[in-house]
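Reader: I'd love a close look at how charged groups meet one another in this model. Please take your time and walk me through it as you would at the bench.

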Amino acid sequence: MLQTMKGAIFDLDGVIVDTAKYHYLAWRSLAQRLGFEFTEAHNERLKGVSRMESLRILLEVGGVTATEEERENMAVTKNDEYVDYISKLEPTEILPGAKEYLLELRERGVKIALGSASKNAAFILARLGISDLFDAVIDGTKVSKAKPDPEVFLAASAALGLAPSDCIVFEDAETGVQAGQAAGCRVVGIGSPAILGAADLVVGGLDELTTQSITKTSN
Ligand code: B16
Ligand code: MG
């Protein structure tokens, strides 16, 4: 079965690094300026969701209406604050086991792609010092349809020159699991089985995996 995992496609936030906490701080400041409370529970709804869709959800939570121009400005303000946070990201913030797993895959000749909704993905990989471990980076600057649409994973497998059925997607969001499956990939959920139960396999983190354990369970 090892031969059939020719490609591995990784989501970024929640799989390689926890940027959700920085997204949260920046969205919370925006909400405060608009005069309402945005809680961590609300923030859960933004994981894996695009920037403008995240803003739509936040404004819905606050019961705030805004013109398109105002929304564009809010998104820019939020992103500027978020970029301030991620400019200080350190390689030590890579989630446990992620770098080791990427290195193991490379050693075994498995091609690696990123499949993320974030427009800041390339910058984040550079800050973490792991850009070189990816053969292809498909992110929010390259696709327009948000997960659960399969676009990002179809583009990632194509960029690797592989069929989706030869790729395994690693995702922490329910919509991401759906997107991977809709693309025709096998999917490993990273997080809670209660949320990611539809995945072919669910683990708590990449530190629980070896290429062998994956290939055995997906056999
Ligand atoms: P940006 P992923 C997603 O990353 C985040 O989970 C989500 O919270 C964020 O809104 C989205 O990226 C867009 O990020 O504002 O940097 O373009 O999980 O798809 O790697
Ligand atoms: Mg994610």
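Author: Happy to! Let's begin with a word we need straight away: donors are N, O and S atoms within 2.8 Å of the metal, and because water is not among the atoms, a site may look incomplete. Please also keep in mind that this is a predicted model.

With that in hand, start at the magnesium ion (ligand 2), whose donors are spaced along the chain as D-x1-D-x158-D. The three residues behind that pattern are Asp-11, Asp-13 and Asp-172, which coordinate the ion at 2.0 to 2.2 Å. Look carefully at the atoms they use: Asp-11 and Asp-172 each contribute OD, whereas Asp-13 contributes O. Asp-11 and Asp-13 are both buried.

Now let's turn from the metal to pairs of side chains. Side chains of opposite charge can pair when their charged atoms come close. In this model the count comes to nine salt bridges, and a few of them reward a closer look.

One of them joins Lys-47 to Glu-44, with the closest N and O atoms 3.0 Å apart. Glu-44 has a relative accessibility of 48%, while Lys-47 has 29%. Both values fall between the 20% and 50% limits, so Lys-47 and Glu-44 each count as partly exposed.

Next, find Arg-45, which forms a salt bridge with Glu-60; here the closest N and O atoms are 3.0 Å apart. Arg-45 sits in the loop between helix H2 (40–44) and helix H3 (51–62), and Glu-60 belongs to helix H3, so this pair ties together parts that are 15 residues apart in sequence. Arg-45 is partly exposed at 40% relative accessible area, and Glu-60 is partly exposed too, at 45%.

Stay with helix H3 for another pair: Glu-53 forms a salt bridge with Arg-56, and their closest N and O atoms are 2.9 Å apart. Both residues lie in helix H3, three residues apart, which is about one turn of the helix. Glu-53 is partly exposed, with a relative accessible area of 31%, and Arg-56 is partly exposed at 41%. These two pairs do not stand alone: through salt bridges that share partners, Arg-45, Glu-53, Arg-56 and Glu-60 are joined into one network.

So, as you turn the model, you can go from the magnesium ion with its donors from Asp-11, Asp-13 and Asp-172 to the network of Arg-45, Glu-53, Arg-56 and Glu-60.

Notes. Residues numbered from 1 in each chain as written. Chains lettered and ligands numbered in written order. Predicted model: local features only at pLDDT ≥ 70, side-chain atom pairs only at ≥ 80, totals over all residues. Heavy atoms only, no water. Salt bridge = Lys/Arg side-chain N within 4 Å of Asp/Glu carboxyl O. Buried < 20%, exposed > 50% of the residue type's maximum accessible area, 1.4 Å probe, protein only. Helix = DSSP H or I, 4+ residues; strand = E, 2+ residues; numbered from the N terminus. Donors = N, O, S within 2.8 Å, 3.2 Å for Na, K, Ca; no water.
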